[in-house]
Amino acid sequence: TPDMRFCIQYALSYPDRIDSVSPALNLATVGTLTFGKPDTDTFSLLSLAFHAAENGGAIPAVLNAANEVAVALFLKDKIGFLDIEEIAQNAYEKYRGEYTEIEQLLEVDAAARREVRAKYGVD
């Protein structure tokens, strides 16, 4: 389909970039966009992310750190896709304390990454 041209071009030219075969996106000409309520029952990590954003502190960084490592593990076939949710949930539960200083935030981010990597034997 025409919508897939950019994705295919991107995949075939990676890591280089070539001029796009598709015109630039102009949202004013797209027409009507319709948004629905997110399905947090199906996508439970989305609910956790909303909660983290509302509560702030280090939790958004912890979720991001755990997610980044989990996705990397998935891409290396070390874990299944659905394991990503469990890894993020575990990090959330462990590191949801109060962190107010940037040093604490960086420390918790690094700790979450180390813990996930260590659990799955990845450096």
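I take partly exposed to mean a relative accessible area between the two cut-offs, with buried under 20% and exposed over 50%. The model I am reading is predicted, and I keep that in mind for every entry below.

**Aromatic rings**

I looked for aromatic pairs and found that the structure holds one. F74 and F81 form this pair, which is edge-to-face, with 5.5 Å from centre to centre and 70° between the planes. I then asked how far each ring residue is open to the outside. F74 has a relative accessible area of 29%, so I enter F74 as partly exposed, since the value falls between 20% and 50%. F81 has 55%, which is over 50%, and therefore I enter F81 as exposed.

**Nonpolar cores**

Which residues of the largest nonpolar core touch the most other members? I noted V62, L73, I79, I87, Y95 and V116, out of the 17 residues in that core. Helices α4 (59–75), α5 (83–94) and α6 (102–119) each supply at least two of the core residues, and α4 gives the most, with six. I followed V116 further and, not counting residues up to four places away in sequence, I found that V116 touches A66, V69, L73 and I87. Another core lies apart from the largest one and has six residues, among them L48, A52, A88 and Y92. As background I wrote down that in soluble globular proteins nonpolar side chains tend to be buried together.

**Packing of α3 on α4**

I next looked up how helix α3 (residues 44–55) lies against α4, and the two pack at an angle of about 145° with their axes 8 Å apart. The contact is made by L48, A49, A52 and A53 on the α3 side, and by I59, P60 and L63 on the α4 side. When I sorted the residues of this contact by type, they divided into seven nonpolar, no polar and no charged.

**Q9 and R113**

Is Q9, in helix α1 (residues 5–13), buried or exposed? Its relative accessibility is 9%, and because this is under 20% I count Q9 as buried. Leaving aside neighbours within four places in sequence, I found Q9 in contact with I18, D19, S20 and V21.

I made a parallel entry for R113, which lies in helix α6. At 17% relative accessibility, R113 also falls under the 20% cut-off and so counts as buried. The side chains of R113 and D109 are joined by a polar contact of 2.7 Å. With neighbours within four places in sequence left aside, R113 is in contact with N64, A65, E68 and V69.

**Backbone geometry**

I closed with the backbone, noting beforehand that most residues other than glycine have a negative phi and that most peptide bonds are trans. Where does the model hold a cis peptide bond? I found one from Y14 to P15, with omega near 5°, and I placed P15 in the loop between α1 and α2 (27–30). I also recorded D77, which has a positive phi of about 60° although it is not a glycine. D77 is found in the loop between α4 and α5, and its relative accessible area of 69% is over 50%, so I enter D77 as exposed.

Methods:
Residues numbered from 1 in each chain as written. Predicted model: local features only at pLDDT ≥ 70, side-chain atom pairs only at ≥ 80, totals over all residues. Heavy atoms only, no water. Buried < 20%, exposed > 50% of the residue type's maximum accessible area, 1.4 Å probe, protein only. Contact = heavy atoms within 4.5 Å. Phe/Tyr/Trp six-rings, centres within 6.5 Å; stacked < 30°, edge-to-face > 60°. Core = buried A, V, L, I, M, F, W, Y, C linked by side-chain atoms within 4.5 Å. Helix = DSSP H or I, 4+ residues; strand = E, 2+ residues; numbered from the N terminus. Axes fitted to C-alpha atoms, helices over the stretch in contact; angles between N-to-C directions. Nonpolar A, V, L, I, M, F, W, Y, C, P; charged D, E, K, R; others polar. Polar contact = N/O pair within 3.5 Å; in protein donor to acceptor, adjacent residues only side chain to side chain.
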